[in-house]
Protein chains: 2
Amino acid sequence: MTKPPTRIQQRNRAAILSAGLDVFSQFGFRGTTLDQIAETAGLSKPNLLYYFPSKEAIHAALLERLLDTWLDPLKALDGSGDPIAEIMGYAQRKLAMSRDFPRESRLFANEILQGAPRIERILQSDLKELVDEKAAIIQAWADAGKIAKIDPHHLIFSIWALTQHYADFDVQVRAVLGDKAPYDGAAVFLESLYEKLLRP
Amino acid sequence: MTKPPTRIQQRNRAAILSAGLDVFSQFGFRGTTLDQIAETAGLSKPNLLYYFPSKEAIHAALLERLLDTWLDPLKALDGSGDPIAEIMGYAQRKLAMSRDFPRESRLFANEILQGAPRIERILQSDLKELVDEKAAIIQAWADAGKIAKIDPHHLIFSIWALTQHYADFDVQVRAVLGDKAPYDGAAVFLESLYEKLLRP
DNA sequence: CCTTGTTTTGACCATTTGGTCAAATGCAAG
DNA sequence: CTTGCATTTGACCAAATGGTCAAAACAAGG
């Protein structure tokens, strides 16, 4: 029986994960040092390693937590709902995740950029399975004439690309937009884009 | 007067830049080691440093070469051409760059993800200027009723996001698509998407 | 084949990095 | 206040890392 974590454990583990998210999402696994995480978390390096056995373990914990929630918006896409509203809702939920959890988005992006060594399996099994399932729903909608005929896989890719872009390329977006806030304009743009793309 | 490079110099500098592109584009600046580059280039580490004075210098040379060509497709967008064909052409050129130069795309993505420390200035000056100029052209087309009324900046972002996604998230795309080739489907999808989005 | 400049390398160095450990400190229940 | 466990830390280590340097190997023209 594992003992329940003390208050100190909860606080420090949370601080480490948040610090790790900060640093890993910016520099990737190999570009991140334990000292960086320790300093960001406000702990000494040996103290870090009292809570997590290794750099790998921190990274793994973050990835696991991420994968748990990352696909929720897609899972929520409901085959019995209104097609256009469902897809639109998915895109907007995903955009909200970019706005509210940009570090998570960048952590994921970094992992994929590096060839996804730690999650390739999951991509090929769980992710592919989920996407294929939802793509079939979208295909059925298209076949029934409820939405326009488009490739459902590329439709899903387009939602990923368009929404994550605002988190992953944040610096570039802000450099180009100056001081204008990105997300309101993005929401309007996406709404209009998918409205026109999906209308049969 | 600087001496012309010998054949050996040309060959080795090219090998180093190609190796650096391989490694930097995968692991980012901090995640990359000189030994990795040296091994990929088939040279010893001191020999590497005979051709480039430092890791920084290799990275800087790559970024400079990249920025030179990266914006060419957008520069080619012609205000006096046919609006829809021009934008469509830009999207397809950009998609071709993702297909033909995925390492360059990932090098850029890595740099932006890390906060663009080495190119933020350029983004804020040159890139913003270019984008604003082309956005004005697109805005004029919209005002004249030649294309639909959409936010030109977000339109440009959408082209970046949709095309670079296939290079930067290559692993994920292939995991989901299985063995189907991504780029033909992507080209068709983009064509249809922008056709519908832009038609007034 | 000799000279001169180019290219390559083995040995080396200081710093950084991931990680260990024994000892010290903090803390809460009895 | 003490005892026992949780927490923290300073000192340390081996390996990796970016980089240097003098000497060796090589190439080409005279």
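# Buried rings and DNA strands

Student: How do you know that B:Phe29 is buried?

Tutor: B:Phe29 has a relative accessible area of 12%. Buried means under 20% relative accessible area (exposed is over 50%, partly exposed in between, with a 1.4 Å probe and protein chains only), and 12% is under 20%, so B:Phe29 is buried. Please keep in mind that this is a predicted model, in which local features need pLDDT of at least 70, side-chain atom pairs count only at pLDDT 80 or more, and totals for chains, interfaces and linings use all residues, while side-chain values use heavy atoms, with hydrogens and water left out. Residues are numbered from 1 along each chain as its sequence is written, and chains are lettered from A and ligands numbered from 1 in the order in which they are written.

Student: What makes B:Phe24 and B:Phe29 a stacked pair?

Tutor: Over all chains, the structure holds 12 aromatic pairs. For B:Phe24 and B:Phe29 the ring centres are 5.8 Å apart and the planes stand at 10 degrees. Rings of Phe, Tyr and Trp (its six-membered ring) pair if their centres lie within 6.5 Å, and planes under 30 degrees apart count as stacked, over 60 as edge-to-face and the rest as tilted; both values of B:Phe24 and B:Phe29 meet these limits, so the pair is stacked. B:Phe24, at 0% relative accessibility, also counts as buried.

Student: Why is the pair of B:Tyr166 and B:Tyr183 called tilted?

Tutor: The rings of B:Tyr166 and B:Tyr183 lie 6.0 Å centre to centre, with 50 degrees between the planes, and an angle of 50 degrees is neither under 30 nor over 60, so the pair is tilted. The pair links distant parts of chain B, with B:Tyr166 in helix H9 (residues 152-168) and B:Tyr183 in helix H11 (residues 182-198), 17 residues apart; helices here are DSSP runs (H or I, at least four residues), numbered from the N terminus. B:Tyr166 counts as buried at 4% relative accessibility, and B:Tyr183 counts as buried at 11%. Ring pairs also link B:Tyr166 and B:Tyr183 with A:Phe157 and A:Trp160 into a cluster.

Student: How do you know that A:His59 is buried, and what is A:His59 in contact with?

Tutor: The relative accessible area of A:His59 is 3%, so A:His59 falls under the limit for buried. A:His59 belongs to helix H4 (residues 55-70) of chain A. Contact means heavy atoms within 4.5 Å, and, neighbours within four places in sequence aside, A:His59 is in contact with A:Phe24, A:Phe29, A:Leu107, A:Glu111 and A:Arg118.

Student: What makes A:Gln114 count as buried, and where does A:Gln114 lie?

Tutor: A:Gln114 has a relative accessible area of 6%, so this residue is buried too. A:Gln114 lies in the loop between helix H7 (102-113) and helix H8 (120-143) of chain A. If residues up to four places away in sequence are not counted, A:Gln114 touches A:Gly28 and A:Phe29 as well as B:Gln26 and B:Phe27.

Student: Which residues are the closest to DNA strand C?

Tutor: DNA strand C is surrounded by 18 residues, and the closest are A:Leu34, A:Lys45, B:Thr6, B:Gln9 and B:Tyr51. Of the atoms of DNA strand C that come within 4 Å of the protein, sugar and phosphate account for 60%.

Student: How do you know that B:Gln9 makes a polar contact with DNA strand C?

Tutor: A polar side-chain atom of B:Gln9 lies 2.6 Å from a phosphate oxygen of DNA strand C, and a polar contact with the strand is a pair of N or O atoms within 3.5 Å, so this pair qualifies. For B:Tyr51, a polar side-chain atom is 2.7 Å from a phosphate oxygen of DNA strand C, whereas for A:Leu34 a backbone N or O atom lies 2.7 Å from such an oxygen.

Student: What about DNA strand D, and which polar contact involves a base nitrogen?

Tutor: A polar side-chain atom of B:Lys45 lies 2.9 Å from a base nitrogen of DNA strand D. A:Tyr51 has a side-chain N or O atom 2.7 Å from a phosphate oxygen of DNA strand D, and A:Ser44 has a polar side-chain atom 3.2 Å from a phosphate oxygen of this strand. The largest share of the surface near DNA strand D, 4 residues, comes from H3(A).

Technical notes
Polar contact = N/O pair within 3.5 Å; in protein donor to acceptor, adjacent residues only side chain to side chain. Helix = DSSP H or I, 4+ residues; strand = E, 2+ residues; numbered from the N terminus. Near = heavy atom within 4 Å.
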